[in-house]
Amino acid sequence: RMSTSDWVGLARNALCCVMDLIGTLPPLAAVLPFSHISSLLTPVAAYIVPEAVLSAVLEMNFLEALKFPLQAYAVYSLVSGGVEGVRASISALGDVPLWSAAIEKKKRSLQGTDEEGDRDKRRSGRLKTPTKKQQTLDQMFQPSVPCVLGTFKLLKAGLNEHKREQTRKLIESGCCVVIGVCFVWLACHTLHITETGLIGGVSGLILALSFMEVALVPLLCFMLADAVGGSKRWARMRKTVEACYEGDMDFDPSLPNKEFFDWVSDAVTCRATIVPAPSDPSTPLKSDRDAEDDACLWFTRRSGFGANSGKNPTLYPWHSPTAADGVTDRQYRLNLAFGAVARGVEAGDENSTVFYDALPLIKGGAERLAYDQLRLWAYFFLNFVAFYGYLMAPFTFYAPNGTSALIDLLKFGASDADADWWGNFAGDLCWTVEPTLIIFGGYFVDIAVKGIRAWPAPYQELDDEDDGSGDDVSAATAQAPKPEPEATKAEPKATKPKRGRSKGGKAKTAKTPKKDSKRESSRGRSSSRTRGKRKDD
């Protein structure tokens, strides 16, 4: 997401690139009207600032004067944000054992082995019955045994994910604090203070750069993990949509897929926001359902889907300090979350309609993620080049040419001066492109997803399929090329996957008969709300 730090980083590193290309400039004190201002302020500053520091600061040129406040802001934002992140992550990690104990207490209370969880002891030692509020909370919903098992597995898996996220946040925040402190030496170097020998001089500057390089290593590892994870999540979303279209999606309430459960849970909330409540409570027509699905598809193409799945505080209360009604009691909030998760698991076990309602949202999110995951790879590549470029400064300072054959190889055979200049310029350039991509990359992705009409290969044949039945298609899909009438008539129709709830109460998940082609199958859905086959954008 775009922030003020992105704009400041763009301006700061752009100035660094200009300074690398221009070279030396005349001091600001020698340029009108700054020369008159400096002549007036120098006698006053001499009583406050040491003479060596004052003379060094007066050697600062115009571009350095512009860059210094940007570096000072980098120090403030990195240190303050990092300290706050460390504090928040430590607090969240401290709550993890408490939430785990609350889950175990809830499990014991359902098994009837925890008397103190549901009943309180009187002073006389006798046990009193639960209060009316506790009875209402415990008896409002009675899920089946498989749903209870699946609910506890989802809650434990969500808590483990939360623990890993907070551990990563702790490491990232600590690295940001280190980088922010190292920016102090860079800001002093802009003021030429390092030339006076104060704060370690040039040796202190190189040492600060070395610590900055060490702090960048875990951040690069996390960027690589995000890029790989984004590519894998994109593939899983595509396979999930295809499996649902083919009727191959099975939902086991005792062993649910947490990622798919989170997608469906988010889709229910998102679809209710996108699609208004129907004025006619009767079964909607196929054209109305198509319009709703198209609206959901284009919404997630524009805004994405699935990136924050699994962070719903209604299902996983540890993501929020308080409940929606302001209650902070941990066990009470966990009981509410248990009921919400159990309802979702039972709904998925009894009725597959929620799966099909989520398909347009998942598909649109996957189509946008196809481009967003390329941005994640670009972030990793740019930061790796910047890391390698800035590494040349410590190499040339601690190991000049001829000191180490390995380091000479890492310099690509260049001289120390050339390696230092090109490395510094490469780092400044990459850290200029990265915030530009963060700020404006979303607009390019929006333009790209508007041109999507079907899945990329090898999923193309799944979306280009048409049975020629003459069903209505939406205006967004009307521009797709129509198949030849002869080929359409010769192609037999396939049975559509069942949607809705059968008489026995279980989801109809019968597989559709497949054609000769590996990926050809029906994409329609039939239920009490009968739907015809249609093309996708």
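**Cysteines and rings: worked exercises**

Ring pairs link Trp99, Tyr316 and Trp318 into a cluster. Rings of Phe, Tyr and Trp (its six-membered ring) pair if their centres lie within 6.5 Å; planes under 30 degrees apart count as stacked, over 60 as edge-to-face and the rest as tilted. Before you start: this is a predicted model, where local features need pLDDT of at least 70 and side-chain atom pairs count only at pLDDT 80 or more, while totals for chains, interfaces and linings use all residues. Residues are numbered from 1 along each chain as its sequence is written, and side-chain values use heavy atoms, with hydrogens and water left out.

**Exercise 1.** Find how many disulfides the whole structure has, then check Cys17 and Cys221.

*Solution.*
- Start with the chemistry: a disulfide is a covalent bond between the sulfur atoms of two cysteines. The cut-off used here is a pair of cysteine sulfur atoms within 2.5 Å.
- Searching the whole structure turns up zero disulfides. Cys17, for one, is in none, as its nearest cysteine sulfur, in Cys16, is 7.0 Å away.
- Next, Cys221: the closest cysteine sulfur belongs to Cys175 and lies 9.7 Å off, so that's too far for a bond.
- Now the surroundings. Buried means under 20% relative accessible area, exposed over 50%, and partly exposed in between (1.4 Å probe, protein chains only). Cys17 has 9% relative accessibility, so it counts as buried; Cys221, at 48%, is partly exposed.

**Exercise 2.** Classify the ring pairs that Phe425 makes with Trp421 and with Trp422.

*Solution.*
- For context, the aromatic pair count is twelve.
- Take Trp421 and Phe425: the ring centres are 5.4 Å apart and the planes meet at 10°, so this pair is stacked.
- Both residues sit in helix α15 (residues 416-450), four residues apart, or about one turn of the helix. Helices here are DSSP runs (H or I, at least four residues), as are strands (E, at least two), numbered from the N terminus.
- Accessibility next: Trp421 is partly exposed at 33%, whereas Phe425 is buried at 14%.
- Swap in Trp422: its ring centre is 6.4 Å from that of Phe425 and the planes are at 85°, so call this pair edge-to-face.
- Trp422 and Phe425 are three residues apart in helix α15, again about one helical turn. With 55% relative accessibility, Trp422 counts as exposed.

**Exercise 3.** Work out which rings Arg301 and Arg330 sit over.

*Solution.*
- The test: NZ of Lys or CZ of Arg must be within 6 Å of the ring centre and within 35 degrees of the ring normal.
- Arg301 has its charged end over the ring of Trp298, 4.5 Å from the centre.
- For Arg330, the ring is that of Trp99, with the charged end 5.3 Å from its centre. Trp99 also belongs to the cluster with Tyr316 and Trp318.
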